Amino acid sequence: MSGALDLLDRQLILAGLTATAQSALTRLELFATPDSTNAYLQAGAREQWPSGAVCLAEQQSAGRGRLGRCWQSPFGASLALSLLWRFHLPPDALSGLSLATGIAVARTVQTLGVADVGLKWPNDVWWRERKLGGILLESGSDAGAFYVVAGIGLNVNLPSHTGALIDQPWVDLREILNGAVISRNRIAATLINELIAAFIRFEQYGFADLTAEWATFDVIAGRRVRLQMLNRVITGIARGVNATGALLLETASGEIKPYVGGEISLRVEP
């Protein structure tokens, strides 16, 4: 990590929003070191905050990834952002939302000038086989209304000592762009724009409308993968996803079966 800290600035972020995002945004909260941006918005949801609340942090003291994993986010070196959204749909109609969120993140990274960005089902952002970011969706209900909090973490300019704590190959935007510095405020505004656009589209058409775009980012299609579930392991060839966002896995018998995210951990076989 080098250079002066690029701190988040509310006015710069607001200035970078599209008209659609400005209309949908109901609050924008920036913090230095909260425990978790997702936890903050979940608390707000229980207080009946409306859809469109966004929270960003310079650093999270208790950032989380999927399956309870710790998310490394040193001060000012990554982007930690969460969005609260209330869908006027039954919970079972939200299948595939984590994949739609991934598409929004991939679009953001492409807009920043990054080629070769990919998505590893169900919610990792990759660049050339290395992890660039991750997604954590959490949901709940209050007064009978269903809500989702979508949390995104992107590696921007990680110091090497933090990278040593990450248990898989990783990369940050600074390395990808050969040392070029992109304002974290620009990244935040672009991500908010893409998330809100994706969620509006998802509410209208569901994930079926996004399956073709997912295929353009899918980095595991055609590869042998291992699915680790609570009490069993399944291996096979990934064959893309269906209209609900379920992974299609071809087993040794040649049968193709769908698997949904949840508590599944996916690893690409060598």
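# Reading rings, cores and helices

Me: Over which ring does the charged end of Arg-27 sit?

Reply: The charged end of Arg-27 sits over the ring of Trp-49, 3.6 Å from its centre. For such a case, NZ of Lys or CZ of Arg must be within 6 Å of the ring centre and within 35 degrees of the ring normal. This is a predicted model, where local features need pLDDT of at least 70 and side-chain atom pairs pLDDT 80 or more, while totals for chains, interfaces and linings use all residues. Residues are numbered from 1 along each chain as its sequence is written, and side-chain values use heavy atoms, with hydrogens and water left out.

Me: Is Trp-49 buried or exposed?

Reply: Trp-49 is buried, at 12% relative accessible area (buried is under 20%, exposed over 50%, partly exposed in between, using a 1.4 Å probe and protein chains only).

Me: How do I read a ring pair, say Phe-31 and Tyr-40?

Reply: Two values describe such a pair: the distance of the centres and the angle of the planes. Rings of Phe, Tyr and Trp (its six-membered ring) pair if their centres lie within 6.5 Å; planes under 30 degrees apart are stacked, over 60 edge-to-face, and the rest tilted. There are five aromatic pairs here. Phe-31 and Tyr-40 have ring centres 4.8 Å apart and planes at 65 degrees, so they are edge-to-face. Tyr-40 also pairs edge-to-face with Trp-49, with 5.5 Å between centres and 65 degrees between planes. Phe-31 is partly exposed at 28%, and Tyr-40 is partly exposed at 25%. Elsewhere, Trp-85, Phe-87, Phe-199 and Phe-202 form one aromatic cluster.

Me: How many residues does the largest nonpolar core have?

Reply: Nonpolar side chains tend to be buried together in soluble globular proteins. The largest core here has 69 residues, and those with the most contacts inside it are Leu-56, Leu-79, Trp-121, Ile-152 and Ile-192 (a core joins buried Ala, Val, Leu, Ile, Met, Phe, Trp, Tyr and Cys residues through side-chain atoms within 4.5 Å). Helix H7, residues 184–205, gives the most to this core, with 10 residues. A second, separate core of eight residues includes Leu-41, Ala-45, Leu-84 and Tyr-147.

Me: What does Leu-56 touch?

Reply: Leaving aside residues up to four places away in sequence, the contacts of Leu-56 include Leu-8, Ile-13, Phe-31, Leu-79 and Ala-188 (contact means heavy atoms within 4.5 Å).

Me: What span should H7 have?

Reply: The expected span is 1.5 Å times one less than the number of residues. For the 22 residues of H7 that gives 32 Å, and the end C-alpha atoms are 31 Å apart, which agrees. Helices (H or I, at least four residues) and strands (E, at least two) are DSSP runs numbered from the N terminus. Ser-183 caps the N-terminal end of H7, with a side-chain oxygen 3.1 Å from the backbone nitrogen of Asn-185. After H7 comes Gly-206, whose phi is positive, near 75 degrees.

Me: Where do the less common backbone values turn up?

Reply: Most residues other than glycine have a negative phi, and most peptide bonds are trans. Gln-48, in the loop between helix H3 (37–46) and strand E2 (53–57), has a positive phi near 65 degrees. Gln-48 is exposed, at 54%. The phi of Asp-116 is also positive, near 70 degrees; Asp-116 is partly exposed, at 46%. The peptide bond from Trp-121 to Pro-122 is cis, with omega near 0 degrees. Pro-122 lies in the loop between strand E4 (117–120) and strand E5 (124–127).

Key
Polar contact = N/O pair within 3.5 Å; in protein donor to acceptor, adjacent residues only side chain to side chain.
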